[in-house]
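The following exercises concern the packing of secondary-structure elements in a predicted model. Each task is followed by a worked solution.

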Amino acid sequence: MRAGRLRTLDQLGDVAGTRVFLRVDFNVPLTDGSVADDSRIVAAIPTIDELRERRAALVLASHLGRPKGVPWDDLRTRVLADALTERLAGRASVLALGMPGHTETIDAVGRLGPGDVAMLENLRFDPGEEANDPRFAGRLAELADAYVNDAFGAAHRAHASVEVLPELMLASGRPAVAGRLLQKEVEVLGRLLHGPERPYVAVLGGAKVSDKLSVIDALIHRVDHVVIGGAMAFTLLAAEGASVGRSKVEDDRVEDVRGIRRTAEAEGVRIGLPIDVVAAAEPSLDVARMTVPAREIPDDLMGLDIGPATVEAFARVIADAKTVLWNGPMGVFELEPFSEGTRGIALAIASANAYSVVGGGDSIAAVRQAGLEGSFDHLSTGGGASLEFLEGRPLPGVTILED
Ligand code: ADP
Ligand code: MG
């Protein structure tokens, strides 16, 4: 099965004097009502700048949080419009709009001129967004002459602004294409999916093996070596009869994990598990810690980070790789005493002579915390979308933009 070619801004044609609907993923973390981290906003700026230079008027739209189909004062997008205005540094001032379908919104969009930027209210204030409702999409469609999607983080959702809206646009002869961020994500992750340079090593970690079972299942057919840290390693260790103390184990996943082991053996893929771990009674800042063998954790302790011998062993695997995919921290990296393992692995990947991609909100936070974001080839903004893409699953928001 060969995926079609993704249409991009290069196929958009002349948009001067027209209105472009731009779906962005500005679903940023908020603290006390202001934007705590604007990386997702910054990531959309190349597309915004390019469309403005091409003299289009832009109608931006995003979801923010989980308002579940009703307006929610704390989740209004004005704060996003203001944050974008700040980042555009005088190039444009972003107008905050209301919901689609309202006369004031339609009038305000009608008054936009070339290079102007406006932002719709939170798409998820309307239940039609998550329901992929064509009537809601119709109200979005009447605001624009063309559709651009730069919201890779939402591309795995069959939601109105992601799927049925571009469908409507195409059906009425209007273009629907990918923005530069979405294009880059599909190119980079596509390179991991189709013919990565080998050895291809996946470094997996994070909180729950159940979140990532389908990813592991899919990756096992594609990679040469998987190394696993984080809490999810303990379900694998427990499945082999190791004593893991009070570490997080998902008992109901032990059978799945054994299945993964069997597949790996059949495919000749190696799975590396922790040799030693940093253990403590609980994840807290001033608790007593000890480094113990990963298969002999005392009954009253839990593993909260990979130990130094494991960092060394994983680093050796990583050093031989030509392609590295990393998802999931190696320990409770938010707490300094349990952050060494994650930092060690981040450094190992950063200094490897490999094409390196990191995905996942917490993993990217760990890379930034270590000051290593410049040493990775790609920080995927996708989260769930990146993982589904790497599993080889078609994403509704991407498929609709392919020829
Ligand atoms: P990502 O956001 O990169 O996909 P996850 O959300 O899957 O990563 O996992 C991140 C979380 O996993 C972090 O909050 C971290 O504290 C937790 N975690 C990692 N290792 C452990 C562990 N050994 N015990 C408990 N929690 C852990
Ligand atoms: Mg996370």
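**Exercise 1: The two sides of a helix**

T103 and G110 are exposed on the other side of helix α4 from its buried residues.

Task: Determine which residues of helix α4 are buried and how they are arranged around the axis.

Solution.
- Step 1. Helix α4 comprises residues 103-110, and within it T105, A108 and V109 are buried.
- Step 2. Viewed down the axis of α4, the buried residues fall within an arc of 100°, so they line one face of the helix.
- Step 3. The general background is that an α-helix has 3.6 residues a turn, so residues three or four places apart point the same way.
- Step 4. The partners of the buried residues of α4 are the strands β1 (19-23), β4 (57-61) and β5 (95-96).

**Exercise 2: A pair of helices**

Task: Classify the relative orientation of helices α9 and α10, and describe their contact.

Solution.
- Step 1. Helix α9 spans residues 209-219 and helix α10 spans residues 232-239; they pack at an angle of about 80°, and their axes are 9 Å apart.
- Step 2. Angles from 65 to 115 degrees count as roughly perpendicular. The helices α9 and α10 are therefore roughly perpendicular to each other.
- Step 3. From α9, the residues V209, K212 and I216 make the contact, and from α10, M232, T235 and L236.
- Step 4. By character, the residues in the contact of α9 with α10 comprise 4 nonpolar, 1 polar and 1 charged.

**Exercise 3: A sheet and its helix**

Task: Establish the strand order of the open sheet of 3 strands, and identify its edge strands.

Solution.
- Step 1. The order in this open sheet is β14-β13-β16, and the pairing is antiparallel.
- Step 2. Strands β14 (289-293) and β16 (302-306) each pair on one side only and are the edge strands.
- Step 3. On average, and with direction ignored, neighbouring strands of the sheet are turned by 45° against each other.
- Step 4. Strand β13, residues 276-280, pairs with β14 in the antiparallel sense over 5 bridges. V278 stands opposite T291 in β14.
- Step 5. Helix α12 (residues 308-319) packs on the sheet and touches β13, β14 and β16. The direction of α12 makes about 45° with that of β16.

**Exercise 4: A residue ahead of the strands**

Task: Decide whether T8 is buried or exposed, and list its contacts beyond four places in sequence.

Solution.
- Step 1. T8 belongs to the segment before β1.
- Step 2. The relative accessible area of T8 is 6%. Buried means under 20%, so T8 is buried.
- Step 3. With neighbours within four places in sequence left aside, T8 is in contact with V177, A178, R180 and Q183.

Key:
Residues numbered from 1 in each chain as written. Chains lettered and ligands numbered in written order. Predicted model: local features only at pLDDT ≥ 70, side-chain atom pairs only at ≥ 80, totals over all residues. Heavy atoms only, no water. Axes fitted to C-alpha atoms, helices over the stretch in contact; angles between N-to-C directions. Helix = DSSP H or I, 4+ residues; strand = E, 2+ residues; numbered from the N terminus. Parallel < 35°, antiparallel > 145°, perpendicular 65-115°, else oblique. Contact = heavy atoms within 4.5 Å. Nonpolar A, V, L, I, M, F, W, Y, C, P; charged D, E, K, R; others polar. Buried < 20%, exposed > 50% of the residue type's maximum accessible area, 1.4 Å probe, protein only. Arc of directions from axis to C-beta. Pairing = 2+ DSSP bridges.
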